[in-house]
Amino acid sequence: TKTLTKNTVVQIDAHPFMQWYTKHYGIELGKKGKKGHAGGEKQEEQAEEKKSFKVLGKQQARAAGQKIDPTLDDQFQTGRLLACIASRPGQSGRCDGYVLEGEELAFYKKKLEKKKKN
């Protein structure tokens, strides 16, 4: 069924999380190792110039201790994240939840792969 209940695992759009991460840490998620072309790099440099030194210092300090899980980074590259609903949605369909990561993410990815094989 398509009913949302508590503890349901759903796929959500990753772009709002990518935008927040870029603004907070100054690091773009979901990008592969190679850069597209020189024009894109110029735009990135211009965006960097608009930030004040204080903001750049804060982002560098935050990014120093930040490391993202490779499985979570793979999900950001596809543009979809697995999340779990933590609240009980009412009539309006609004719910709160959290993004899956670590052991919980590995568990549900195995379940989904097994389900796709059958």
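## Exercises: helix crossing and a small sheet

In this predicted model, helices α1 and α3 are roughly perpendicular to each other.

**Exercise 1.** Determine how the axes of α1 and α3 cross, and which residues make the contact.

*Solution.*
- Step 1. Locate the helices: α1 covers residues 15-25 and α3 covers residues 53-64.
- Step 2. Take the geometry. The two axes come within 7 Å and cross at roughly 110 degrees.
- Step 3. Classify the angle. The range 65 to 115 degrees counts as roughly perpendicular, so α1 and α3 fall in that class.
- Step 4. List the contact. α1 supplies Thr-22, Lys-23, His-24 and Tyr-25. α3 supplies Gln-59, Arg-62 and Ala-63.
- Step 5. Sort by class. The contact has 2 nonpolar, 3 polar and 2 charged residues.

**Exercise 2.** Work out the strand order of the sheet, and find which strands stand at its edges.

*Solution.*
- Step 1. Read the order. The open sheet has 3 strands, arranged β1-β2-β3, with antiparallel pairing.
- Step 2. Find the edges. β1 (9-13) and β3 (97-99) each have a single partner strand, so one side of each lacks a neighbour in the sheet.
- Step 3. Add the twist. Ignoring direction, neighbouring strands are turned by 40 degrees against each other on average.

**Exercise 3.** Describe the pairing of β1 with β2, then place helix α4.

*Solution.*
- Step 1. Count bridges. β1 and β2 (residues 80-85) pair in the antiparallel sense over 5 bridges.
- Step 2. Pick one residue. Val-9 has Cys-84 of β2 as its bridge partner.
- Step 3. Add the helix. α4 (residues 70-78) packs on the sheet and touches β2 and β3. The direction of α4 makes about 115 degrees with that of β2.

Terms used:
Residues are numbered from 1 along each chain as its sequence is written. This is a predicted model: local features need pLDDT of at least 70, side-chain atom pairs count only at pLDDT 80 or more; totals for chains, interfaces and linings use all residues. Side-chain values use heavy atoms; hydrogens and water are left out. Two strands pair if DSSP finds at least two bridges between them. Helices (H or I, at least four residues) and strands (E, at least two) are DSSP runs, numbered from the N terminus. Axes are lines fitted to C-alpha atoms, for helices over the stretch in contact, and angles run from 0 to 180 degrees between N-to-C directions. Contact means heavy atoms within 4.5 Å. Angles under 35 degrees count as roughly parallel, over 145 as roughly antiparallel, 65 to 115 as roughly perpendicular and the rest as oblique. Ala, Val, Leu, Ile, Met, Phe, Trp, Tyr, Cys and Pro count as nonpolar, Asp, Glu, Lys and Arg as charged, and the others, Gly among them, as polar.
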